[in-house]
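Biologist: I am new to this structure and should like to understand the terms applied to it. May I ask, point by point, what each description rests on?

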Amino acid sequence: MLKGSLPLIILVLFSSMAVFAQKDAKFSEEMKQEMCAKVKAAAQHAWQGYKQYAWGADDLKPLTKEPKTWYKKSMLMTPVDAFDTFTLLGLTEEANEAKELILTKLDFNVDNDVQVFEITIRLLAGLITAYELDGNKKFRDLAVDLANRLLPAFNSPTGMPYRYVHLQTGKTRDGINNPAEIGTLMMEFGKLSKITGNNTYYNAAKKAMMLVYTNRSSLNLVGEQIDVETGKWVNSRSHIGAYIDSYYEYLYKSWLLFGDIDFKNAFETHNRAIKKYLISKTKNGWFMHQVDMNTGKMIGTTYGALEAFYAGLCAFAGDIETGRQIQEANYYMWTRFTIEPEEFDFVADTITSAYYILRPENLESCFYLYRLTGELKYLWQGKVMVESILDHCKNEVGFASLKNVQTFEKANSMESFFFGETLKYAYLIFAPESVLDLSKVVLTTEAHPFKIEKKN
Ligand code: DMJ
């Protein structure tokens, strides 16, 4: 033994014991309540900023204290994404303010050329949940009007949707789409069919989604971009990150929501391939890498904030052990940099994209793993992640994205999914299970809970 190394060994031993002890230490009811109170205060703070500086706009720009509108006319992204979160958090006054704004001001007869995926997951889903939670038929009518204006997007030679559609003219553009933007319409359009009795929405979304599935490679993987006019892949990168992620999520969740066996079969086929080709087992946890969809050859080792969702999905779909290992990697990514970066190379252990835009996926997986295992370490993980967001992203009027997680320099954006998802998962980790019963609802990709349809 080197002279003087004994104190160091003792120190390392004690600190690892401390980490181990913290992971398994009791997390009292008072601590859970304290975390819930912190999240509620954060939601109130962010809403206050929106009310004061961006009322009626899509989002608040928290650094310049200005409203942000995505397209020509605001479509109230923040209030629609936030309404059900306020309701679940018991923030009745805030929920009523959001509701009043939506029901008096939201109008889809506007000169907006919109991205079908974003408008579906944030607005259509938010309105459907608002209808199921609140019962006011105006929410349903708004959802139906919006879906009817989005439907022309499916008028391509294959039936897979174009990426953009004009809400007044139905004019479409951008036929180079991707699995996430094609498949992540199924829960919303399908649910609307169940609510209205009109199967047009379900059928259009299912046809499009199953076309992605039938075009899968011989390895049962999908690529990053597909031409909706020819049905040919134009980018064969395969992974579980941006442009693909929620396609897999919606196959599983559409099975849970509708009980349609086609979704289950497709998910299981893909999920076997995901686990076979996309996982890298490292000492820091199991990360997910990039391969070519046709050969399975590894072509990249970047992992990031978006990929983090798969730990929760995989566990929720029955493979808790794989979910657990991937959540180790998720938590490593978070704590390695204090807050997770958008992307890092898990082999070089260096950041490749340094921003953090208040994304929820790491908390989302932590929530599912806690619900499924009851292990206290997920409460501790949740506490660390939530507190680092509160510490580093809060400013005087809301919560700001970070330009760089290494310098903590803030960026002028507070995405509506911070209300819809990040705050909701942050709260649900610590809240009693009765606040959200996973045997009765399925959370959409934007964390809007949809009631599970009764089996026939
Ligand atoms: C959300 O809009 C949805 O979760 C989507 O599926 C992926 N990106 C954001 C949050 O990061």
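**Strands, rings and the ligand**

Modeller: Let us begin with one residue pair: Asn404 stands opposite Glu409 in strand E18. Please keep in mind that this is a predicted model.

Biologist: What makes E17 and E18 a pair of strands?

Modeller: Two strands pair if at least two bridges are found between them. Strand E17 (residues 401-404) and strand E18 (residues 409-411) are joined by 3 bridges and run antiparallel. The count of 3 bridges meets the requirement of at least two, and the two strands therefore pair. They form a hairpin with 4 residues between them. In that turn, Phe408 has a positive phi of about 60 degrees.

Biologist: How do you know that E10 and E11 pair, and how many residues lie between them in the hairpin?

Modeller: Strand E10 (residues 279-282) and strand E11 (residues 285-288) share 4 bridges in the antiparallel sense, which meets the requirement of at least two. One of these partnerships sets Thr282 opposite Gly285 in E11. The hairpin of E10 and E11 has 2 residues between the strands.

Biologist: Why are E3 and E5 said to stand at the edges of their sheet?

Modeller: The sheet is open, with 3 strands in the order E3-E4-E5 and antiparallel pairing. Strand E3 (113-115) and strand E5 (172-173) each have a single partner strand, so one side of each is left without a neighbour in the sheet. E3 pairs with strand E4 (residues 164-166) over 3 antiparallel bridges, and Gln115 has Tyr164 as its bridge partner in E4.

Biologist: Where does Leu167 lie, and is this residue buried or exposed?

Modeller: Leu167 lies in the loop between E4 and E5. Its relative accessible area is 2%; the limit for a buried residue is under 20%, and Leu167 therefore counts as buried.

Biologist: Why is the pair of Phe83 and Phe139 called tilted?

Modeller: A search of the whole structure finds 27 aromatic pairs. In the pair of Phe83 and Phe139, the ring centres are 5.4 Å apart and the planes stand at 40 degrees. Centres within 6.5 Å make a pair, while planes under 30 degrees apart would be stacked and those over 60 edge-to-face. The angle of 40 degrees falls in neither range, so the pair is tilted. The pair links distant parts of the chain, with Phe83 in helix H3 (residues 77-88) and Phe139 in helix H6 (residues 137-150), 56 residues apart. Both Phe83 and Phe139 are buried.

Biologist: Which residues form an aromatic cluster?

Modeller: One such cluster is formed by Trp47, Tyr50, Trp55, Phe86, Phe399, Phe418 and Phe419.

Biologist: How do you know that a charge sits over the ring of Phe263?

Modeller: The charged end of Lys206 sits over that ring, 5.6 Å from its centre, and the distance limit is within 6 Å. Likewise, Arg216 lies over the face of Tyr213, at 4.0 Å from the ring centre. The side chain of Tyr213 is also joined to that of Thr269 by a polar contact of 3.1 Å, where the limit is within 3.5 Å. Thr269 is found in helix H11 (residues 261-277) and counts as buried, at 13% relative accessibility.

Biologist: Why is Asp349 called partly exposed?

Modeller: Its relative accessibility is 21%. Buried requires under 20% and exposed over 50%, so Asp349, at 21%, counts as partly exposed. Asp349 is located in the loop between strand E15 (343-345) and strand E16 (350-353), and its phi is positive, near 60 degrees. Ala447 also has a positive phi, of about 65 degrees, although it is not a glycine. Ala447 is buried, at 0%, in the loop between strand E19 (441-443) and strand E20 (449-451).

Biologist: What places polar side-chain atoms of the protein in contact with the ligand?

Modeller: Polar side-chain atoms of Arg359 and Thr445 each lie 2.7 Å from an oxygen atom of the ligand, and one of Glu421 lies 2.9 Å from a ligand oxygen. These distances satisfy the limit of within 3.5 Å. Taken alone the ligand exposes 290 Å², of which the protein buries 92%. The residues around the ligand also include Ile121, Leu306, Pro360 and Phe417.

Technical notes
Residues are numbered from 1 along each chain as its sequence is written. This is a predicted model: local features need pLDDT of at least 70, side-chain atom pairs count only at pLDDT 80 or more; totals for chains, interfaces and linings use all residues. Side-chain values use heavy atoms; hydrogens and water are left out. Rings of Phe, Tyr and Trp (its six-membered ring) pair if their centres lie within 6.5 Å; planes under 30 degrees apart count as stacked, over 60 as edge-to-face and the rest as tilted. Buried means under 20% relative accessible area, exposed over 50%, partly exposed in between (1.4 Å probe, protein chains only). A charge sits over a ring if NZ of Lys or CZ of Arg is within 6 Å of the ring centre and within 35 degrees of the ring normal. A residue is near a molecule or strand if one of its heavy atoms lies within 4 Å of it. A polar contact is a pair of N or O atoms within 3.5 Å; within protein, one must be able to donate a hydrogen and the other to accept it, and residues adjacent in sequence count only if both atoms are side-chain atoms. Accessible areas come from the Shrake-Rupley method with a 1.4 Å probe; for residues, only the protein chains shown count as cover.
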